[in-house]
Amino acid sequence: MTDDTWDVIVIGGGGAGLAAAVTAAEQGASVLLFESETELGGSTQLSAGLFTAAGTSVQRGLGIEDSAEKFFQHYMDLNQWMLQPGLIRTFCENAGPTLEWLIELGVQIPARESANAHMPGLCQAGVEDVWRGHVPKDQGYGLVQVLDKARRRHGVEVVLGTRVQKLLAEDGRVVGVVADDLDVPAHAVVVASGGFAQDPELVDRYYPVANNAGESLFVVAAPGSRGDHLAFGRDVDAAVTGDGWGLMLPTAYFQRYHHWQSGFPPKSRIHVNRHGRRFMDEDASYAVSAGIIEAQDGPVWAIFDERARLGLPSGYTDWIPGRVAEEADAGRTLRAGTLAELAALLEVPADALAVTVERWNAQLPAGTDDDFLRHRTLANKGSTAAPDPIAHGPFYAVRMLPAELVCTHAGLEIDSNAAVVDRTGSAIPGLFAAGEAGAGILGLRYVGGGNAVANALTMGRIAGRNAARASRLSSTHPSALTSARP
């Protein structure tokens with residue numbers, strides 16, 4: 001660090017911060033990036049790297065016709081039009097070009113169908129009718145490596161292990177940051193410090209529904225997700241939006257890791273509610289499944305049999321035969337010799353549970369699911385074999401609930417330039433935000449796999465571009481307090 005004024009300072013070295021830093025440097029800006037942790041990557045590096053976008057070369061390579069307009073309509077409909085249409089249109093129009101930019105930088109996404117978020121190619125991201133989930137080679141780690149290579153090529157300087165303390169402001173304009181008790185001046189600042197999932201007090205304040213999981217709650221966000229953006233916002237009276245929104249993934253009560261480590265429940269299972277009835281496609285996208293589970297008026301249970309338990313693959317921490325047996329031996333997973341006995345333990349109507357299992361056995365093992373169309377979901381995931389019937393005791397019941405906290409959606413309100421706005425709705429000169437820190441894209445409903453990564457990189461790119469432009473205006477016309485449009 002020097003006494004010189006940087007064109008752009010970026011706070012946070014995850015996907016949003018790296019995209020902002022590289023883009024600002026591409027515009028000729030001098031860029032300094034602060035990362036609170038000892039390595040770059042943030043939550044993006046921990047993710048599958050899935051990127052949702054429309055009208056891409058990957059889609060065209062598979063003969064899929066799609067457009068930003070169709071993406072926008074789906075995005076707004078799923079979120080019940082509770083987001084600002086102008087901002088969402090900007091995101092949808094720029095997500096595709098951002099993906100192409102990543103491909104130009106070296107990210108590899110083959111034009112082939114993918115059965116899941118870990119197979120490079122194009123997969124079904126959520127509940128969309130047109131597949132938009134772009135899975136890169138080497139997952140989120142690969143994205144970060146490509147962006148970091150571009151960062152080094154463009155001479156972006158990085159300070160690791162340094163948590164920015166506050167923003168510097170003069171006459172209503174952000175003019176730098178304080179780090180290690182030193183003032184570091186800049187013409188523009190991009191806040192890309194992630195969410196607040198790792199701060200229980202902020203979760204209590206801005207996303208209390210996560211606490212419904214009780215002792216089953218666990219967090220998979222990066223360690224740096226401590227809500228620094230909210231403190232920065234208070235420095236300059238920034239508006240906050242997205243209060244009460246976030247992403248919880250449905251898991252078993254005994255899980256403490258993402259499914260990459262925990263494993264997956266057996267294919268031959270049904271989810272039943274307190275009435276002993278099935279109520280959902282058990283493999284429905286997490287874009288909607290957590291909401292479906294939460295809408296039930298009581299606990300939700302995954303029901304499966306001994307053959308399903310024994311068929312669980314090894315190599316995971318939780319969904320393995322031995323772990324399920326241990327939970328049953330401890331009485332936390334319910335186990336019974338017959339369905340009627342299991343119903344008694346669950347305190348659900350035995351006749352309803354019997355009819356539910358009988359109906360499921362008559363359908364999905366034969367390849368169809370008239371009630372919830374799960375056969376279509378399984379096919380989209382590359383599953384070719386029909387599930388076995390649930391017929392071989394003992395039978396098991398595992399409590400299922402949204403308990404995996406992935407990301408938070410409350411943050412600094414931004415406009416379509418990724419400029420942070422104050423409580424009057426006016427852009428704060430010199431201040432931009434992206435990713436979880438820049439709120440307004442991630443909404444009431446998570447659109448599907450790749451929503452957060454696409455938001456981070458797309459809005460990071462817009463933030464970096466406009467921060468560089470604001471820097472030029474500030475250095476040549478110090479009185480200019482408005483940001484330029486992209």
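The exercises below, each with a worked solution, go through parts of one predicted model.

Residues are numbered from 1 along each chain as its sequence is written, and side-chain values use heavy atoms, with hydrogens and water left out. Since the model is predicted, local features need pLDDT of at least 70 and side-chain atom pairs count only at pLDDT 80 or more, while totals for chains, interfaces and linings use all residues.

**Exercise 1. Describe the lining of the second largest pocket and work out why the pocket lies between two domains.**

Step 1. Begin with the term: on a 1 Å grid over the protein atoms alone, a pocket is an open set of points where a 1.4 Å probe fits, with protein on both sides within 12 Å along at least five of seven lines, and lining residues have an atom within 4 Å of a point.

Step 2. The second largest pocket holds about 260 Å³ of space, a volume being the space filled by probe spheres set on the grid points. Its lining is made of 16 residues, and Y207, G246, E294, L444 and R445 are the closest to the centre.

Step 3. Sort the lining by residue class: eleven are nonpolar, three polar and two charged, where Ala, Val, Leu, Ile, Met, Phe, Trp, Tyr, Cys and Pro count as nonpolar, Asp, Glu, Lys and Arg as charged, and the others, Gly among them, as polar.

Step 4. Strand β12 (246-252) and helix α10 (289-294) each supply at least two residues of this lining; helices (H or I, at least four residues) and strands (E, at least two) are DSSP runs numbered from the N terminus.

Step 5. Because domain 1 (6-244 + 409-476) and domain 2 (249-404) both give residues to the lining, the pocket lies between them; the domain bounds come from an automatic or database domain assignment.

**Exercise 2. Decide whether I292 and A197 are buried or partly exposed.**

Step 1. Buried means under 20% relative accessible area, exposed over 50%, and partly exposed in between, with a 1.4 Å probe and protein chains only.

Step 2. I292 has its place in helix α10, and because its relative accessibility is 28%, I292 counts as partly exposed.

Step 3. A197 lies in the loop between β9 (182-191) and α7 (200-206), and at 6% relative accessibility A197 counts as buried.

**Exercise 3. Find which residues cover the two faces of strand β2, and which strand pairs with β2.**

Step 1. In a regular strand the side chains alternate between the two faces of the sheet.

Step 2. In β2 (residues 31-34), V31 and L33 lie on one side and L32 and F34 on the other, and all are buried, which leaves both faces covered.

Step 3. Strand β1 (residues 6-11) pairs with β2 in the parallel sense over four bridges, two strands being paired if DSSP finds at least two bridges between them. The bridge partner of V8 in β2 is V31.

**Exercise 4. Identify the edge strands of two open sheets.**

Step 1. One open sheet of three strands has the order β3-β5-β4, with antiparallel pairing. Here β3 (51-52) and β4 (121-123) stand at the edges, each with a single partner strand, so one side of each is left without a neighbour in the sheet.

Step 2. Three bridges join β4 to β5 (residues 133-135), with G121 opposite V135 in β5.

Step 3. Another open sheet of three strands has the order β11-β17-β20, with mixed pairing. Its edges are β11 (240-241) and β20 (438-439), each with a single partner strand, so one side of each lacks a neighbour in the sheet.
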